[in-house]
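Welcome! Here is a small set of exercises to work through with the model open beside you. Try each task yourself before you read its solution.

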Amino acid sequence: MSATATQSAVPANIPQPPAELQRIPLVANGHGFGWISDRVSSICEGKAPLWWWISFIISFGCLCMLGFMLSWQISTGVGVWGNMHPVMWGWDIVNFVWWIGIGHAGTLISAILFLLRQRWRTGVNRAAEAMTIFAVMCAGIYPALHVGRVWYDWWLFPIPNSNSIWPQFRSPLMWDVFAVSTYFTVSVLFWYMGLIPDMAVLRDRAKSKLRQFMYGLGALGWTGSNRHWSNYEKAYLILAGLSTPLVLSVHSIVSLDFSVSQLPGWHTTIFPPYFVAGAVFSGFGMVLTLLVPLRSICKLQDLITMRHIDLMCKVTLATGSIVGYAYSMEFFIAWYSGSPMESFHFMNRALGPYQWAWLLMVIPNVVVPQVFWFKKCRQTLWFVFIISIIVNVGMWFERFVIIVIGLHRDFLPSSWGYFSPSKVDICTYIGTFGLFFTMFLLFIRFLPMIAISEVKGVIPQADPHHPLGGAKVEERVPDDEG
Amino acid sequence: MIAEYTTAASVMHAAEKVRDAGFRKWDVFTPFPVHGMDHAMGLKNSKVGWFSFLGGVTGYTTGMLMIWWMNALDYPIVVGGKPMFSPFSAFPPSYELTILFGAFGSLFGMLFLNRLPRLHHPLLKNKRFALVTHDRFFVVIECDDPKYSEAETRKLLEEAGSRHIEVIEE
């Protein structure tokens, strides 16, 4: 069915809004239910294409390097990293906060936009949720490893140990353990729940016994019964309602790791909202980095339309501007507080030895996303892709600025220092990309990367009151009074 | 007896007719949740919320009690003169546990109410029914419904616009 058919299905005597007020459809070219199933499922059916194998081998190579680096670090000690007094939190915590921030866009898209009834989320939510889960996996590596003696990690959890000491819940680091592990678990539950009906789609299409069995196992015997849908939709709504305060709390609690301390530059009340905005900002950057090339490679232009890209660019612009506001507010408060330590820290941030890092934070995060005010910039794909990468770089440097500049010149000038990463730091970081992309490539190969049943629900054919949904079109007589 | 429909509107009208005819053991199968179908089928509000609520309350209570018992009762340690137990520092972990248990409550409550996972369903063996996850809509009326009679039920479903009706043996 073509776009013109969509128009002609509406009777001529109902006045149409002018062209510029027409909503751009969420699925382009008026495709129906069957087309959506076929298009999305075909990505995980048949032979894996060449591009998939090439990217998979590269990613898997990086993942192996990660395994090597982690073994080296565990067997030798944290001394293989560049962390050195006074900067005892280096790339490990920078990368932890960066990765976990990236995860936030997935939950924002899947939960907050669901509660706000933003129907465009259906085209991108599955891939974004997968991104969340894999990003949190990458993030989790760092706090687990940076403790040095990894074999004592279980002391973080409330499990009785031989010294009968319990975790100390007055520490924000303990709150973080609960926040991050809950975030991971709930994200997986939410993601899996969305996958149940879609795995049933793949089960019913499966040609081989093995695929039928595996997807059947995942689909848990889903039949599409409306009595089931009724409970399912309610549960989905509640999960969205639970994930919304969760996603806001996770990065808030991550920020409390810093702001509960007494270090100038960390000890500020603006941190929780500022971290959450930054997290969503970097997450949308990563969603765009992943989906802009994927929609072309997997021929999903009709499902992830230019409108989706446009809206995501607008969210990036909005959150980037909030981050910019937070940066300036930090400087204002440093001056307004009258605290010499605070003022020194911020002068040192902008003019000290790490000025290059500060500029790499401010320019990509605040200045560059402003180009998204222009429609032409939001509609040029290669340009959006480049900006999204710049945003990711900028957000990485934000964490670097907060952590490293915060630590390298503390209260005692005699203990000032300068942090440089070691080779192991750099290779571990590249290795986490290997983990992330290996997982993501496996995901798009074996699971539907677009929420099939949700997209079916937002096209006009799904609406029983729409002519394309089969509703009888009655000639409407204009009101006499009107 | 299963009846196939091709549009959301036709299956909705069929559901309204079946509801008004007073059937009890019947269901509608759709590839996506059709808006307004719960009303058309005469279903009540889902009970999943109770499971989530129960999970959330359990999570919060567990968190608060656990932290109080561990840090104030079983092994108290003085840190910076702070109170042994404060609801404020115990709140973030308890809050996370509220959400965690609430989320488990929703997912498992949904699965429990739907009696899933289910390894076998007679409908899933039918070739035609496999299209329910693709682009078709089905109304299914069970033969042991008191109102069921082969000829009349078929007539009802045909009048509602179904082109394909068949009886599936278990």
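The exercises below deal with a predicted model, and each one is followed by a worked solution.

**Exercise 1. Confidence**

Task: Find out which mean pLDDT chain B has and which ipTM the predictor gives the complex.

Solution: Start with the chain. The mean pLDDT of chain B is 88, and 100% of its residues reach 70 or more. Then turn to the complex, for which the predictor gives an ipTM of 0.91 and a pTM of 0.90. Keep one reading rule in mind: where pLDDT is low, predicted coordinates should not be read in detail.

**Exercise 2. The domains of chain B**

Task: Locate the domains assigned to chain B and find what distance separates their centres.

Solution: First, take the bounds. Domain 1 of chain B covers 2-45 + 118-166, and domain 2 covers 48-113. Second, take the centres over C-alpha atoms: those of domain 1 and domain 2 of chain B are 44 Å apart.

**Exercise 3. Where the chains meet**

Task: Work out how many residues each chain brings to the contact, and which helix of chain B gives the most to its side.

Solution: Begin with the counts: chain B brings 61 residues and chain A brings 55 residues. Next, look at the elements of chain B. Those that each supply at least two residues to the side touching chain A are helix 1 (8-20), strand 2 (26-29), helix 2 (37-41), helix 3 (48-74) and helix 4 (87-113). Helix 4 of chain B gives the most, with 16 residues. Finally, sort this side of chain B by class: 37 residues are nonpolar, 17 are polar and 7 are charged.

**Exercise 4. A strand with two partners**

Task: Find which strands pair with strand 3 of chain B, and decide whether the residues of strand 3 are buried or exposed.

Solution: Take the pairings one at a time. Strand 1 (residues 2-5) of chain B pairs with strand 3 in the antiparallel sense over 4 bridges. Strand 2 of chain B also runs antiparallel to strand 3, and 4 bridges join them.

Now look at individual partners. Val140(B) is the bridge partner of Ile2(B), and Val140(B) is also the bridge partner of Asp27(B). Val139(B) stands opposite Val28(B).

Then check the faces of strand 3 of chain B. Phe137(B), Val139(B) and Ile141(B) are on one side, with Phe138(B) and Val140(B) on the other, and all are buried. With 5 of its 5 residues buried, strand 3 of chain B is therefore largely enclosed by the rest of the structure. Do the same for strand 2 of chain B: Trp26(B) and Val28(B) point one way, Asp27(B) and Phe29(B) the other way, and all are buried.

**Exercise 5. The largest nonpolar core**

Task: Find which residues touch the most other members of the largest nonpolar core, and where the core lies relative to the domains of chain B.

Solution: The largest nonpolar core has 174 residues, and Met131(A), Ala135(A), Val287(A), Ala15(B) and Val139(B) touch the most other members. Helix 6 (residues 172-205) of chain A gives the most to this core, with 17 residues. Domain 1 and domain 2 of chain B both give residues to the core, so it lies between them.

For a closer look, pick Val287(A). Leaving out residues up to four places away in sequence, Val287(A) touches Ala105(A), Val124(A), Ala128(A), Met131(A) and Met312(A).

**Exercise 6. Unusual backbone spots**

Task: Find which peptide bonds before Pro86(A) and Pro117(B) are cis, and where Leu220(A) and Lys299(A) lie.

Solution: Start with the background: most residues other than glycine have a negative phi, and most peptide bonds are trans.

- The bond from His85(A) to Pro86(A) is cis, with omega near 5°; Pro86(A) is in the loop between helix 3 (50-76) and helix 4 (91-115) of chain A.
- The bond from Leu116(B) to Pro117(B) is cis, with omega near -5°; Pro117(B) is in the loop between helix 4 and strand 3 (137-141) of chain B.
- Leu220(A) has a positive phi of about 60° and is in the loop between helix 7 (209-219) and helix 8 (226-259) of chain A.
- Lys299(A) has a positive phi of about 55° and lies in the loop between helix 9 (271-297) and helix 10 (306-336) of chain A.

As a last step, compare surroundings. Leu220(A) is partly exposed, with 16 other C-beta atoms within 10 Å, whereas Lys299(A) is exposed, with 12.

Methods. Residues are numbered from 1 along each chain as its sequence is written. Chains are lettered from A and ligands numbered from 1 in the order in which they are written. This is a predicted model: local features need pLDDT of at least 70, side-chain atom pairs count only at pLDDT 80 or more; totals for chains, interfaces and linings use all residues. Domain bounds come from an automatic or database domain assignment. Two residues are in contact if their C-beta atoms, placed from the backbone, lie within 7 Å. Ala, Val, Leu, Ile, Met, Phe, Trp, Tyr, Cys and Pro count as nonpolar, Asp, Glu, Lys and Arg as charged, and the others, Gly among them, as polar. A residue is buried if 20 or more other C-beta atoms lie within 10 Å of its own, exposed if 12 or fewer, and partly exposed in between; C-beta atoms are placed from the backbone. pLDDT is the predictor's confidence in each residue, from 0 to 100. Two strands pair if DSSP finds at least two bridges between them. A nonpolar core is a set of buried Ala, Val, Leu, Ile, Met, Phe, Trp, Tyr and Cys residues joined through C-beta atoms within 7 Å.
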